[in-house]
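Let's take a friendly walk through a protein model together. Have a look at the structure first, and then we will go through it piece by piece.

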Amino acid sequence: MKKRSMLIALSAFLSVSLAACGGGGSATGGSAQGGGSASTYPDKPIVMVAPSGAGGGWDKTARSLGKVLNETKLVEQPITVENKPGGGGVVFMAEYVTKDKGNPYRLFVKSPPILINYNKKEGSSQYGYKDVTPLAQLTRDYGALVVKADSPYQDMQSILDAIKADPSKITLAGGSAPGSMDHLIAVLPAAKSGIDPKTVKYVSYDGGGEAMAALLGGNADMIATDASSVPEYLKAGKVRVLGITSDERLGGDLQDVPTLKEQGIDATFNIWRGVFGPPEMPEDAKAYWEEKLKALSESEAWQKELEANGWQSEYRGAADFTAFLDEQDQLVIELLTSLGMAK
C-alpha cells in the first residue's frame with residue numbers, strides 16, 4: 001500500500017510539472033498557453049504594415065491607427081508604421097505568410113485587394129484572407145474617379161464617350177496592380193456602359209500617392225482612388241471628381257460630387273478597411289486586439305480621426321469580420337468573372 005501511495009504521489013507531481021512546462025510563454029507572442037501565468041503580450045514595440053508606398057488609404061489608415069492607439073494609451077507599446085509596396089500588396093502577403101507566422105508584433109491593414117488579388121487570373125496572390133487572421137473591420141470608404149482640374153472631361157459620360165471613340169488615347173490609372181481594386185473601380189463605369197473593360201488602357205502605380213502624382217503630372221487622364229484621399233487636392237483646386245461609387249452622395253468637401261448612379265451608371269463599390277494578424281496568431285494576442293480595436297472604434301479620438309480623413313465608421317469584430325469577408329469574397333468572384341479577370 002505504501003509503495004502504491006508513493007507511485008500515485010509521484011504521478012501527480014509529474015502531471016503538475018508537465019502542465020507547468022506546457023504553460024509557459026510562446027516564443028513569438030510572450031503569451032501564456034494552457035493555463036500558465038498571465039499573458040505578458042505585448043511586451044515590445046508593434047509594427048503596423050501598410051502594404052503600399054506612402055499616401056493612399058492603407059498608409060493613412062495604418063498611421064491613424066498607430067497614432068490614436070498610442071495617444072489614448074489604449075496600447076502602451078510604441079506602434080510604428082512600415083510601408084511594404086509591391087504588386088498592390090501581393091509581394092507583402094507572400095513574405096508575411098511565410099516569414100511572420102505566429103508573430104503578433106507585426107499586423108497589417110488591408111481592404112478588398114486581399115480578396116481581389118487572390119481570385120484574379122493574372123498577377124494573383126497565392127495567399128488570401130483565410131491564410132491570415134482577420135481581427136477587425138474599422139472603416140468604410142468609396143472609390144472616386146478623378147481628373148485634373150483643367151481636364152476637358154466634365155463628367156463621367158464625356159470620358160466614357162472618349163474611351164468608346166478610341167480606347168488607346170485615354171489612360172486610366174490607379175495605385176494598385178492590374179486586376180486589383182483601383183483597376184476594377186476605374187473600369188467599372190466602362191463595363192456598366194457596355195464597353196469591353198479589356199480594351200480600356202490602365203496603368204498601375206505603387207499606392208494612391210503615386211497615382212495622384214501621375215495624374216497631376218499629365219501621365220494619366222483619370223485615376224481611380226479612395227474618396228477619402230481626394231479632399232485635400234480638391235480644396236487646393238488641383239482636381240475635379242467625376243463620380244463616387246457610393247449609393248448616396250457623401251458629405252463634407254465631396255457633397256457636390258454626384259454618384260455614378262446619379263449619372264445613369266448602375267455601379268457601387270464599398271472600400272472597407274480592416275486589421276489583420278499573422279497565421280497561427282496566439283490566442284491571447286487575438287483577444288488583446290479584439291478588446292483594443294473595439295475600444296478604439298468607440299473612442300472620441302477615433303471619431304475625430306474618421307471625420308478628419310473623410311472615413312465612415314463601420315466596426316466588425318473578428319468573428320463578424322470573417323463572416324463578412326466570406327460574403328465579400330463571393331461578390332468579388334462574381335465581379336471578376338463578369339470582367340473576364342477571374343481565375
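What follows is a short tour of this model, from the overall build to a few single residues.

**The overall build**

Keep in mind from the start that this is a predicted model. The protein chain has eleven helices and ten strands. Out of its 343 residues, 52% count as buried. Among the contacts in the chain with a separation of 6 or more, 76% are made by residues 24 or more positions apart.

**Two nonpolar cores**

Which residues have the most contacts inside the largest nonpolar core? They are Phe108, Ile114, Met156 and Phe276, in a core of 52 residues. Helix 6, residues 181-192, gives this core its largest share, with seven residues. Another core lies apart from it and has 28 residues, including Ala62, Leu107, Ala285 and Leu296.

Met156 is a good residue to click on. Leaving out residues up to four places away in sequence, Met156 touches Leu145, Pro189, Met222, Leu242, Leu260, Gln263 and Ile265.

**Helices with a buried face**

Now turn to helix 5, which spans residues 156-165. Its buried residues are Met156, Ile159, Leu160, Ala162 and Ile163. Looking down the axis of helix 5, you would find these buried residues within an arc of 155°, so they line one face of the helix. A general rule helps here: an α-helix has 3.6 residues a turn, so residues three or four places apart point the same way. The cover over the buried residues of helix 5 includes strand 4 (133-148), strand 5 (171-174), helix 6, strand 7 (222-226) and strand 8 (239-244).

Helix 3, residues 90-99, can be read in a similar manner. Here Val90, Phe92, Met93, Tyr96 and Val97 are buried. Seen down the axis of helix 3, they fall within an arc of 150°, so these residues also line one face of their helix. They pack against strand 1, strand 3, helix 4 (113-119) and strand 9.

**Leu107, a buried residue in a strand**

Leu107 sits in strand 3, which covers residues 106-110. Is Leu107 buried or exposed? It is buried, with a relative accessible area of 0%. Not counting neighbours within four places in sequence, Leu107 is in contact with Val47, Met48, Val49, Tyr96, Leu135, Val275, Phe276, Gly277, Pro278, Met281 and Trp289. Tyr96 in that list is one of the buried residues of helix 3. Leu107 and Ile46 are 61 residues apart along the chain, and their C-alpha atoms are separated by 7.8 Å.

**Two helices side by side**

Two packed helices are described by the angle between their axes and the distance between the axes. For helix 2 (residues 57-71) and helix 10 (residues 300-309), the angle is about 155° and the axes are 10 Å apart. An angle over 145 degrees counts as roughly antiparallel, and helix 2 and helix 10 are therefore roughly antiparallel to each other. Their crossing is right-handed.

Which residues make the contact? From helix 2 come Lys60, Ser64, Leu65, Lys67 and Val68, while helix 10 brings Ala301, Trp302, Glu305 and Asn309. Take a closer look at Glu305, which is found in helix 10. Glu305 is buried, with a relative accessible area of 11%. Apart from neighbours within four places in sequence, Glu305 is in contact with Ser64, Lys67 and Val68.

**Backbone details in the loops**

Finally, let's visit some loops. A cis peptide bond, with omega of about -5°, joins Tyr41 and Pro42. Pro42 lies in the loop between helix 1 (2-22) and strand 1 (46-50).

Two other loop residues, listed below, have a positive phi although they are not glycines.

| Residue | Phi | Loop between | Relative accessible area |
|---|---|---|---|
| Lys73 | about 65° | helix 2 and strand 2 (79-83) | 56% |
| Glu280 | about 55° | strand 9 (270-277) and helix 9 (283-298) | 62% |

Lys73 is exposed, and Glu280 is exposed too. Glu305, by contrast, is buried.

Key:
Residues numbered from 1 in each chain as written. Predicted model: local features only at pLDDT ≥ 70, side-chain atom pairs only at ≥ 80, totals over all residues. Heavy atoms only, no water. Core = buried A, V, L, I, M, F, W, Y, C linked by side-chain atoms within 4.5 Å. Buried < 20%, exposed > 50% of the residue type's maximum accessible area, 1.4 Å probe, protein only. Helix = DSSP H or I, 4+ residues; strand = E, 2+ residues; numbered from the N terminus. Contact = heavy atoms within 4.5 Å. Arc of directions from axis to C-beta. Axes fitted to C-alpha atoms, helices over the stretch in contact; angles between N-to-C directions. Parallel < 35°, antiparallel > 145°, perpendicular 65-115°, else oblique. Left-handed = near helix turned anticlockwise from the far one by under 90°.
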